[in-house]
Amino acid sequence: MRYGNRLREAVTAPGTTPLIGVYDMYSATLAARHYDGLFVSGFGFAASYYGLPDIGFIAWPDMVAFAERLRTALPDVHLLVDIDDGYVDTEVACHVVRRLERAGASGVVLEDQKRPRRCGHADGKQVLPLDEYLDKLHRVLDARGDLVVVARTDAVEDAEMLRRAAALAKTEADVVLVDGVRTVDAVRRIRDVTGDKPLLFNQIGGGRSPRLSLSELSALGVDVAIYSTPCLFAAHRAVDRALGDLKDADGRLPDPRSEAGAVGVAESTRLLEGNL
């Protein structure tokens with residue numbers, strides 16, 4: 001079975017399918033120990049690969065190369081890739097989709113933002129005219145094989161958010177995402193206007209959307225939940241704390257043998273050997 005169809009089956013199965021946001025090979029390797037679905041977050045990739053905020057700096061060859069490395073090391077996980085606005089141009093979007101599918105991606109997320117773009121949970125988002133986005137979306141759908149395509153809107157006003165969600169649900173896209181949803185009631189209204197089309201909910205630490213459990217999302221009729229940044233933000237906190245401790249200890253490293261759950265050379269090597 002091909003990767004797109006495997007993810008499509010998971011999306012349409014009962015309950016809410018979680019996809020964990022990863023930002024590099026190490027975080028992906030750790031995440032795959034706990035979950036069978038990963039999300040290549042644009043926020044995390046921009047932070048990790050460029051050291052820049054998620055405002056449109058990602059170049060598509062870098063994202064494709066990352067997806068190729070992920071699939072080589074982790075052949076069994078679902079792999080959903082954020083391609084932002086398709087890197088502006090519709091022809092580029094179609095090319096990237098074909099490249100990602102050949103690389104083994106399970107699906108992509110294509111948004112309706114116009115440049116300068118922003119993280120879906122940030123202020124200042126602007127969206128393309130709906131007809132212009134739908135043309136790009138239809139071209140991407142025609143370019144794919146079995147790849148799952150998530151149609152995403154970043155509309156902010158309630159009426160426009162619902163209008164676009166309903167329009168996206170009528171396309172051949174596999175899943176609809178309204179990003180930056182602020183309330184549970186809004187999720188219910190989106191569920192109503194999208195009918196039977198699978199619905200995706202994006203959770204990001206400190207973001208606009210409410211923090212909901214998988215059970216709560218399932219009760220709301222949400223089919224997929226992406227967790228964009230748990231690995232990135234956990235690493236931020238852990239690295240900052242570890243280096244602060246190292247400074248306080250006058251540069252003396254802690255002994256991993258004396259601390260439960262600590263990681264040293266042996267533990268890290270065992271993890272990475274699984275990717276060979």
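This passage walks through the empty spaces in a predicted model, then turns to a surface patch and a few loop residues.

Start with the pocket. Rolling a probe the size of a water molecule over the atoms shows where empty space is left. The largest pocket found in this model has a volume of about 1100 Å³. Its lining is made up of 32 residues, and those closest to the pocket centre are A238, A242, G261, A262 and V263. Three elements each give two or more residues to that lining: α2 (25-31), α10 (230-248) and α11 (265-273). Helix α10 makes the largest contribution, with eleven residues. As for chemistry, the pocket lining splits into 20 nonpolar, eight charged and four polar residues.

One of the residues closest to the pocket centre, V263, also turns up on the surface. Together with Y26, L30 and L272, V263 forms a nonpolar patch there, and the four share about 330 Å² of accessible area. Y26 sits in helix α2. Is Y26 buried, exposed or partly exposed? With a relative accessible area of 33%, Y26 is partly exposed, because that value falls between the 20% and 50% cut-offs.

Next come the closed spaces. How many cavities of 30 Å³ or more does a search of the whole structure find? The search turns up two. The largest cavity has a volume of about 130 Å³. It is lined by 18 residues, and the ones closest to its centre are D82, R152, D179, N202 and S228. Sorted by class, the lining of this largest cavity holds seven nonpolar, six polar and five charged residues.

The second largest cavity encloses about 50 Å³ of space. Its lining consists of V178, V181, V187, I190, L199, L200, F201 and V222. Helix α8 (184-194) and strand β7 (199-203) are the elements that give two or more residues to this lining, and the largest share, three residues, belongs to β7. What classes do the lining residues of the second largest cavity fall into? Eight are nonpolar, with no polar and no charged residues. The lining of the largest cavity, for its part, includes six polar and five charged residues.

Now for some backbone details. Most residues other than glycine have a negative phi, and most peptide bonds are trans. Against that background, two aspartates are worth a look. D84 has a positive phi, near 50°, and D250 has a positive phi as well, near 60°. Both are in loops: D84 lies between β3 (78-82) and α5 (90-103), while D250 lies between α10 and α11. Those two helices also help to line the largest pocket.

How do the two aspartates fare for accessibility, buried or exposed? D84 has a relative accessibility of 2%, so it counts as buried, the cut-off being under 20%. D250 reaches 73%, so it counts as exposed, the cut-off here being over 50%.

One more loop residue rounds off the picture. T183 is found in the loop between β6 (175-178) and α8, and α8 is also one of the elements lining the second largest cavity. At 36% relative accessibility, T183 counts as partly exposed. Along the sequence, T183 and R211 are 28 residues apart, while in space their C-alpha atoms are 9.8 Å apart.

Definitions and conventions. Residues are numbered from 1 along each chain as its sequence is written. This is a predicted model: local features need pLDDT of at least 70, side-chain atom pairs count only at pLDDT 80 or more; totals for chains, interfaces and linings use all residues. Side-chain values use heavy atoms; hydrogens and water are left out. On a 1 Å grid over the protein atoms alone, a cavity is a set of points where a 1.4 Å probe fits but cannot get out, and a pocket is an open set with protein on both sides within 12 Å along at least five of seven lines; lining residues have an atom within 4 Å of a point. Grid points are joined across faces, edges and corners, and a volume is the space filled by probe spheres set on the points. Helices (H or I, at least four residues) and strands (E, at least two) are DSSP runs, numbered from the N terminus. Ala, Val, Leu, Ile, Met, Phe, Trp, Tyr, Cys and Pro count as nonpolar, Asp, Glu, Lys and Arg as charged, and the others, Gly among them, as polar. Patches are made of residues with over 30% relative accessible area and no salt bridge: like charges are joined within 9 Å, nonpolar side chains (Val, Leu, Ile, Met, Phe, Trp, Tyr) within 5 Å. Accessible areas come from the Shrake-Rupley method with a 1.4 Å probe; for residues, only the protein chains shown count as cover. A salt bridge is a side-chain nitrogen of Lys or Arg within 4 Å of a carboxyl oxygen of Asp or Glu. Buried means under 20% relative accessible area, exposed over 50%, partly exposed in between (1.4 Å probe, protein chains only).
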